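Good morning, and thank you for joining. I should like to take you through a single structure today, beginning with the place where its chains meet.

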Amino acid sequence: MKHIIQQVFHSGKFIVGFVILAAVLLIVIVYPLLIKDAPLAIIGQGTFFPPGTYVNAYDSLGSPKYILNLEHAAAKRIASKLSDDDRLAMQEWLVAAGIPENEIDISNTEQLLRQWENHYDPQTNIAGMTNAKRNYYIRLNASLKGLLSTEGAIIAVKNADTGALEETGDVVAQSDYVNIGQVANVRRLPLGTDNFGRDVLTELVAATRVSLQIGFVAGIVATLIGLTLGLLSGYIGGLVDDGIMFITNLFTVIPSFVLLILISFSIGQEKRGAVTVAVVIGFTSWVWTARAVRAQVISLRNRDHVNLSKLSGHSLVYIIFADILPYVASYVVMALILQISSGILAEAGLSILGLGPKTTEVPTLGLMMNWAMIYQAPVLGKWWAYLPVLVTIALITFSMNLMNTGLDQVFNPALRD
Amino acid sequence: MERYRKYFLNKLSWFLITFVCAFILNFILPRLMPGDPVAAIVSRMAQGMSNATGVQAIYQQYTELFGTNKPLLQQFFIYVNNVLHGNFGFSLSQYTRTVADVLGASIWWTICLQFPAIIVGWLIGNTLGALAAYRKGGFDKIIMPISIFVSNFPAFGMAIILLVIFGVGLKWFPTSGGYGFDLIPNFSWKFIWSVIVHYQLPFWSIVLISIGGQAIGMRSMSIYELNADYVKYARFMGIKDRKIIGYVFRNAMLPQITGLALSIGTMVGGALVAEIIFSYPGLGFTLLNGVMGQDYPLISASTLIITVMVLSANFIIEILYGIIDPRIKAAQAD
């Protein structure tokens, strides 16, 4: 046993797969210990907030102020407020006013504003320009003047009795800064929020945990059924073999996802918990394990040590457990790994069809995908709602297949390069 | 010919048995669903009706129409009879349309999308796998990890990535539908072009997912065959490399054909989900609508049709295989 494990850990592919999977498991275990938010709590009012650090604007007004004189602060402020459309419009005006196009660089805010200031004149009549457009430029010019002002903003509160605005005496100057650490309410959303306004990262970690559990339960159910049927049919033979092989062949050709759809639909939305879905997936995916185990058992059953065991009068159960199972164990472990990974994929596929676990209780990777699709996240460019989910699924299945390939090379020396 | 007939009859009887079992499963499973689907549509139709006896009358009329008040066995015989006449009843979610009508509109989209895509994917995958086994070296080092990664990638993931890159990012292809939403199906060039453009992304996403697994399988089969004794013997005899390769790949190809027969069910499953991602008007999308609308006649009929499609594809492949592989003839002689 120790020797086998040593050998397994000499396989590069197995180690890579194992490390990736272990890292995923570690994150799934450690993250909830550090961050105790409920994964399904709806915190955002609105859909798909982009990733970033959210600082409470109200609290930051009351936080201690620090004056920092940074060189490009004003330029950055103006640049962030000047939209691309406005820049293009400014360029259009300047070109029309006779400035060579190659001298205008709309990504260079400072130069653009200087050119604008020097050349813009509301009185200038540009041939072919509509009145609406001229008014737009006048408004744009006024707002640019506002942007360029250097005065601070004054905070006023509404007097509850009179309704009039009263200054609180605080003036927020343009060089005032607050320290994020001193603002009472700051929330980091490294992956933004989803369509319901849930924190995607927290949800993703919880979903990965549930999906892994679904995969494990499905894999174990499928492997147990397949192993039992394969052992019985291979070792006993005769009528039992015929019967089991009939069922197995039947379920090989009837597509398993059709059964999966029919059973999940029959269970009904209300009763479909994560565990139920996992068991259903397990019940529809044992076929390949059963076939392979049967084939191996048939080649084993007439070996000398099995015959010897029979002659010694050992019982059927003993022979299966002591003389046959150890020889198929390595295959069964590999099959289990593949079943787990295909169980996770099956759950995701079912959820996209709307047949996944009940949506209100637990998140799963498939359900997150389903909601992202229903709310058109890919088309709207909200990558944080679906890409991390896809990457997680791909990492898990890829790592498990790598482990499987590594094991295969250890147990079947013929496959080694 | 006698031997082929035995093989053919054997496969045909197996096809019929699986078909009957699939048919029964298809009927039973959706009807075990808790809750009354008729009550669901009635409540939708009766919104704003205050007259209780009126609601009751509507309920009874629909129960009669869909036959949900009869015992299960009787429902089954009615169903068999109806299916034999091509009548799948009314769709519950798109009522006044029959299920046959809904499915008739979507089935050709699925057949024209999936079967070419799976066959093209199979051909490309096998060619790449055979090349990787033969050329080894750098080519193999690049093709294999990519194939392994792609074959582990979920079908919908591939679809979404193509959608985001080519549909949303580069805007080369439309992101949803089977044809432009502003068009009415007809035989004008504009419509046909729109269909072709909408076809590309679903097609290539299905091709890409089927390439990976096939390439891996073909590679290991070819490596196994390249090391076989007959190859060494042929080399000693001085037979040209090109000719040997021909033998090797023909031998490696045969298990791949059986592989296609066995995996076509899974592939169709993945492809149906890919259809959903692109809102392609095929069976996958119809199935989604059926699930959303709790529409069991529709679900039962579409899963039945999918099963029939997969079983028939399987049957055709096995018949072809029997003709291609001389060993089948030999085996039947015993």
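Let me begin with polar contacts: across the interface of chain A and chain B, the rule finds 0 residue pairs in polar contact, counting pairs with both residues at pLDDT 80 or more. Please bear in mind that this is a predicted model. Salt bridges across the interface of chain A and chain B likewise number 0 by the rule.

What, then, is the area buried between chain A and chain B? The value is about 3,700 Å², and carbon and sulfur atoms give 84% of that area. Chain A brings 39 residues to the contact, and chain B brings 48 residues.

Several helices of chain A each supply at least two residues to the side that touches chain B, among them helix 9, helix 14 and helix 17. Helix 10 of chain A gives the most to that side, with 9 residues. By type, the residues of the side of chain A that touches chain B divide into 29 nonpolar, 8 polar and 2 charged.

Let us look further at helix 10. In chain A this helix covers residues 256-267 and reaches 16 Å from its first C-alpha to its last, close to the 16 Å expected. Of its 12 residues, 10 are buried, including A:Phe257, A:Leu260 and A:Phe265. After helix 10 comes A:Gly268, with a positive phi near 90 degrees.

Finally, I turn to A:Ser351, which lies in helix 14 of chain A. A:Ser351 counts as buried because its relative accessibility is 0%. Among the residues that A:Ser351 touches are A:Pro357, A:Thr364 and A:Asn370. Thank you.

Key
Residues are numbered from 1 along each chain as its sequence is written. Chains are lettered from A and ligands numbered from 1 in the order in which they are written. This is a predicted model: local features need pLDDT of at least 70, side-chain atom pairs count only at pLDDT 80 or more; totals for chains, interfaces and linings use all residues. Side-chain values use heavy atoms; hydrogens and water are left out. Helices (H or I, at least four residues) and strands (E, at least two) are DSSP runs, numbered from the N terminus. The expected span of a helix is 1.5 Å times one less than its number of residues. Buried means under 20% relative accessible area, exposed over 50%, partly exposed in between (1.4 Å probe, protein chains only). Contact means heavy atoms within 4.5 Å. Buried area is the accessible area (1.4 Å probe) that two parts lose on being put together, summed over both. A salt bridge is a side-chain nitrogen of Lys or Arg within 4 Å of a carboxyl oxygen of Asp or Glu. A polar contact is a pair of N or O atoms within 3.5 Å; within protein, one must be able to donate a hydrogen and the other to accept it, and residues adjacent in sequence count only if both atoms are side-chain atoms. Ala, Val, Leu, Ile, Met, Phe, Trp, Tyr, Cys and Pro count as nonpolar, Asp, Glu, Lys and Arg as charged, and the others, Gly among them, as polar. Lists of a residue's contacts leave out its neighbours within four places in sequence.
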